[in-house]
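Let's take a walk through this chain together, starting with the overall layout and then stopping at a handful of residues. Keep the viewer open as you read.

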Amino acid sequence: MTETPPAFELLPGADRSPVILHVPHSSREVPADVRPGIVLSDAELERELDHMTDSHTAELAGRAAARAGLTPWRFVNRVSRLVADPERFPDEREEMAAVGMGAVYTRTSHGEELRPEDMDPAPLIERYFRPYARAMTEAVADRLAATGRAVIVDVHSYPTEPLPYELHGEGPRPPVCLGTDGFHTPPGLLAAAREAFAPWETGLDSPFGGTYVPLDFYGTRSEIGALMVEIRRDTYMTEPGGPAGPGLSRLAGSLAALVDAVSD
């Protein structure tokens, strides 16, 4: 735990690259001044981080960026999603609020208390969620200005077995799940992803669906393509929260191939 970790980081790519690899859930970092608001013991918190962190996805994106012909940009969350989840709505639009997992979680992956139900999420939203959303909006706007388009590839992972919090955990759990959006995922982007990840079975929008697009652009800017890549954790790591294995390098090659395919 550190006192003032950077909340997020934009790692520059090539000026001509339209691609942003977005890595929102890879960090285990809980700032020291946020920790007292979480009611779990240290051991319980570590176990929850094992379950909820998309372990090694920042490394996966980094390896893919290094192997791509045209280096993509990377936007990486440097604090845990247990601090604030940048991919949730901060209001009543968020369906995960029903299980205590809106922008600021009050429940764990197993439905236990993470924070008191009556806690005020506003300070964490103002400190972490809103600056992140603004910075991501600016990063996308910068790619639009530089290249005339943007391609956001969300890099996630998910457990082999469903966790109790999952609202749609009863569906297929393929090695690679591709999350799509009816407006922002054009057929060519989806086809490129299927080809790039051809060594693995791929599926669509199960167990997780949708994409991340900053709200300022959502549903209005067709120049922005978006795809979520959800990788089942047994393909590249020891669950839960263990080390990465050789699958990580192979997946990085596939992610790099996707970046190359959509960079031209």
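Helices and strands here are DSSP runs, at least four residues for a helix and at least two for a strand, and they are numbered from the N terminus. One thing to keep in mind from the start: this is a predicted model.

With those terms in hand, the chain has five helices and seven strands. If you trace the sequence from one end to the other, the elements come in the order β-β-α-α-β-α-β-β-α-β-β-α.

How does the overall size look? The C-alpha trace spans about 50 × 35 × 30 Å along its principal axes. The radius of gyration is 17 Å, which agrees with the value near 18 Å that a compact globule of 264 residues would have. Buried residues account for 54% of the 264 residues. Take the contacts between residues at least 6 apart in sequence: 80% of them join residues at least 24 apart. On the outside, the accessible surface comes to about 11100 Å², and carbon and sulfur atoms supply 52% of that. As for charge, there are 24 positive and 41 negative ones, and their mean positions sit 5 Å apart.

Now for some backbone oddities. Most peptide bonds are trans, and most residues other than glycine have a negative phi. Where does P207 sit? Look in the loop between β6 (202-204) and β7 (224-232). The peptide bond that joins S206 and P207 is cis, with omega at about 10 degrees. D205 is found in that loop between β6 and β7 too, and its phi is near 55 degrees, a positive value in a residue other than glycine. With a relative accessible area of 32%, D205 is partly exposed.

A cis bond also turns up from E239 to P240, where omega is near -15 degrees. P240 belongs to the loop between β7 and α5 (247-263). Then there is H56, in the loop between α1 (42-52) and α2 (57-67). H56 is not a glycine, yet it has a positive phi of about 70 degrees. Its relative accessibility is 22%, so H56 counts as partly exposed; the cut-off for buried is under 20%.

Let's move to the side chains, beginning with H156 in strand β4 (residues 150-158). Is H156 buried or exposed? At 3% relative accessibility, H156 counts as buried. Its side chain makes a polar contact with the side chain of E87, at 2.9 Å. Leaving out residues up to four places away in sequence, H156 touches P24, H25, D54, T57, E87, M228, V229, E230 and I231.

E87 comes up again when you look at Y212. Y212 lies in the loop between β6 and β7, and at 11% relative accessibility it counts as buried. Y212 and E87 are 125 residues apart in sequence, but their C-alpha atoms are 6.9 Å apart in space. Beyond residues up to four places away in sequence, Y212 touches H22, P86, E87, Y132, A133, M136, I152, D154 and A226.

The loop between β4 and β5 (176-179) holds E166. Which residue does the side chain of E166 make a polar contact with? The partner is the side chain of R173, at 2.8 Å. E166 counts as buried, because its relative accessibility is 10%. Setting aside neighbours within four places in sequence, E166 is in contact with P159, R173, P207 and F208. That brings us back to P207, the proline on the cis bond from S206.

Last stop: S80, in the loop between β3 (73-77) and α3 (122-147). S80 counts as buried, at 1% relative accessibility. Not counting residues up to four places away in sequence, S80 touches S27, R28, E29, V30 and L49. To get a sense of distance across the model, try S80 and L178: they are 98 residues apart in sequence and 23 Å apart in space, C-alpha to C-alpha.

Key:
Residues are numbered from 1 along each chain as its sequence is written. Side-chain values use heavy atoms; hydrogens and water are left out. The radius of gyration is taken over C-alpha atoms; the globule rule is 2.2 Å times the number of residues to the power 0.38. Buried means under 20% relative accessible area, exposed over 50%, partly exposed in between (1.4 Å probe, protein chains only). Contact means heavy atoms within 4.5 Å. Accessible areas come from the Shrake-Rupley method with a 1.4 Å probe; for residues, only the protein chains shown count as cover. Lys and Arg count as positive and Asp and Glu as negative; His and the chain ends are not counted. The place of a charge is taken as NZ of Lys, CZ of Arg, CG of Asp or CD of Glu. A polar contact is a pair of N or O atoms within 3.5 Å; within protein, one must be able to donate a hydrogen and the other to accept it, and residues adjacent in sequence count only if both atoms are side-chain atoms.
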